[in-house]
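Student: I have a model open in my viewer and would like to learn how to read it. Could you walk me through it?

Tutor: Gladly; let us bring it up.

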Amino acid sequence: MNTASQYIRTAPRRKVLAQGLRDGIPIGLGYFAVSFSLGIAARNAGLTAWQGFLTSLLINASAGEYVGFTIISLGGTYLEMAIMTFIANARYLLMSCALSQKFHPGTKLIHRLAVGYYVTDELFGIAIARDGFLDPYYSYGAILVASPAWALGTMFGVIMGNMLPLRVVSALSVALYGMFIAIIIPPSRKNRVVAAFVLISFVCSFGVKFLPFLASLSGGTVTILLTVVISTAAALLFPVKTGGNESAKEDESHDA
Amino acid sequence: MTHNVYLYLLVMVIVTYAIRVLPLTLIRKPIRSRFIQSFLYYVPYVTLAVMTFPAITEATQSPVAGFAALIVGIVLSWFGGSLFQVAASCCGVVFLLELILV
């Protein structure tokens with residue numbers, strides 16, 4: 001193949017890694033606070049500090065882990081665990097589809113496997129916010145900070161969750177949502193269509209609480225349904241301009 | 001019937017990793033469909049917005065404190081607050097308001 005199929009780094013690897021580390025710090029701090037409350041859930045499910053640490057190190061998913069701890073505490077079957085894990089994490093399927101478009105087509109398999117290990121709401125958010133193709137080293141930098149913070153936070157949550165006053169736990173529990181807000185608002189300021197659909201998403205997500213059928217579904221399922229319906233409507237009514245990844249089109253004629 | 005915690009974890013790891021890594025490894029070329037491009041463009045904002053509200057008002061002891069955190073977070077990030085500043089301010093607002101409300 002010619003060189004056009006190779007990913008060419010726009011900045012030195014070390015510099016990109018450092019940018020990832022820097023952007024990973026606020027995420028790590030938030031993760032520590034949030035996973036602390038997750039550790040309390042793990043403790044209530046009967047997990048040890050080591051098991052809580054291991055779960056968070058390997059799975060990196062707030063809602064997914066929470067659902068898992070619930071099933072463990074109820075003694076559910078492994079099949080139930082598989083299905084509920086899928087439902088609680090299915091939004092990552094959509095995010096990974098979106099993220100696949102952020103990779104240069106020539107990105108190696110090993111990088112795809114490694115970045116895929118840590119597709120979370122926040123890491124996905126900062127990766128999407130980067131200009132141009134995603135350099136995997138940016139993600140690695142952020143993962144190096146976020147992953148230990150998430151795992152250690154869970155561990156400390158198991159060990160000393162019950163020692164914290166309820167007020168503090170309550171305050172820490174909004175850190176995660178604060179991060180979501182910080183990811184969706186800046187693009188809303190630049191793009192009125194995004195702003196409108198963020199608002200529509202808030203209203204619909206609140207509205208489904210009053211629909212008897214939808215209210216009976218799990219939170220994860222409602223999230224997927226609303227995401228698919230609202231994003232489809234947005235894509236049909238306000239299609240984005242194509243050709244964001246111009247450089248990818250150069251070798252169009254060479255495609256098999 | 002007793003279950004092994006480590007087998008539970010193994011199931012969670014396999015399912016979660018498959019969900020994340022399959023699209024990244026299987027979709028190797030730019031998607032040409034304008035509809036799918038647009039759909040994937042809107043997905044992150046919609047899904048994060050859906051997960052944020054009303055959940056933020058249910059995470060706190062007082063729903064009013066959670067709602068105030070939402071408003072403060074939106075205003076702060078609108079005017080350029082960083083990820084950490086916004087998250088920390090949301091926590092601070094809840095803590096202070098709940099001193100009065102709860």
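Tutor: A word on terms before we start: domain bounds come from an automatic or database domain assignment. Please also keep in mind that this is a predicted model.

Student: Then into which domains is chain A divided?

Tutor: Chain A has domain 1, covering 3-172, and domain 2, covering 191-240. Between their C-alpha centres there are 24 Å.

Student: How many residues of each domain are in contact?

Tutor: For contacts, we ask whether the C-beta atoms, placed from the backbone, lie within 7 Å. Here 6 residues of domain 1 of chain A meet 6 residues of domain 2 of chain A. On the domain 1 side, helix α4 (residues 78-100) of chain A gives the most, with 5 residues. That side of domain 1 of chain A holds 5 nonpolar residues, no polar ones and 1 charged one.

Student: And how many residues does the contact take from chain A and from chain B?

Tutor: A general point comes beforehand: interface size is often given as the accessible area lost when the parts come together. Here we count residues instead, and the contact takes 86 from chain A and 64 from chain B. The largest share of the chain A side, 17 residues, comes from α4(A). By class, that side of chain A has 56 nonpolar, 24 polar and 6 charged residues.

Student: Which residues of helix α5 of chain A are buried?

Tutor: Burial is a neighbour count: a residue is buried if 20 or more other C-beta atoms lie within 10 Å of its own. In α5 (residues 109-116) of chain A, this holds for A:Arg112, A:Val115 and A:Gly116. They are on the same side of α5(A), because they cover an arc of only 100° around the axis. The buried residues of α5(A) pack against α4 and α7 (136-160) of chain A, along with α1 (5-26) of chain B.

Student: What about the fold as a whole: how many helices and strands does chain A have?

Tutor: Chain A has 12 helices and 0 strands. Its radius of gyration is 20 Å, close to the 18 Å that the globule rule gives for 256 residues, so chain A is as compact as a globular protein of that length. Of those 256 residues, 51% count as buried.

Student: Where in chain A is confidence lowest and highest among the helices?

Tutor: Helix α11 (residues 212-215) of chain A is lowest, at a mean pLDDT of 79, and helix α10 (residues 192-207) of chain A is highest, at 96. Over residues 243-256 of chain A the pLDDT is below 50, and this stretch has 6 contacts in the model beyond near neighbours in sequence. For chain A the mean pLDDT is 84.

Conventions
Residues are numbered from 1 along each chain as its sequence is written. Chains are lettered from A and ligands numbered from 1 in the order in which they are written. This is a predicted model: local features need pLDDT of at least 70, side-chain atom pairs count only at pLDDT 80 or more; totals for chains, interfaces and linings use all residues. Two residues are in contact if their C-beta atoms, placed from the backbone, lie within 7 Å. Helices (H or I, at least four residues) and strands (E, at least two) are DSSP runs, numbered from the N terminus. Ala, Val, Leu, Ile, Met, Phe, Trp, Tyr, Cys and Pro count as nonpolar, Asp, Glu, Lys and Arg as charged, and the others, Gly among them, as polar. pLDDT is the predictor's confidence in each residue, from 0 to 100. A residue is buried if 20 or more other C-beta atoms lie within 10 Å of its own, exposed if 12 or fewer, and partly exposed in between; C-beta atoms are placed from the backbone. The arc is that of the directions from the helix axis to the C-beta atoms. The radius of gyration is taken over C-alpha atoms; the globule rule is 2.2 Å times the number of residues to the power 0.38.
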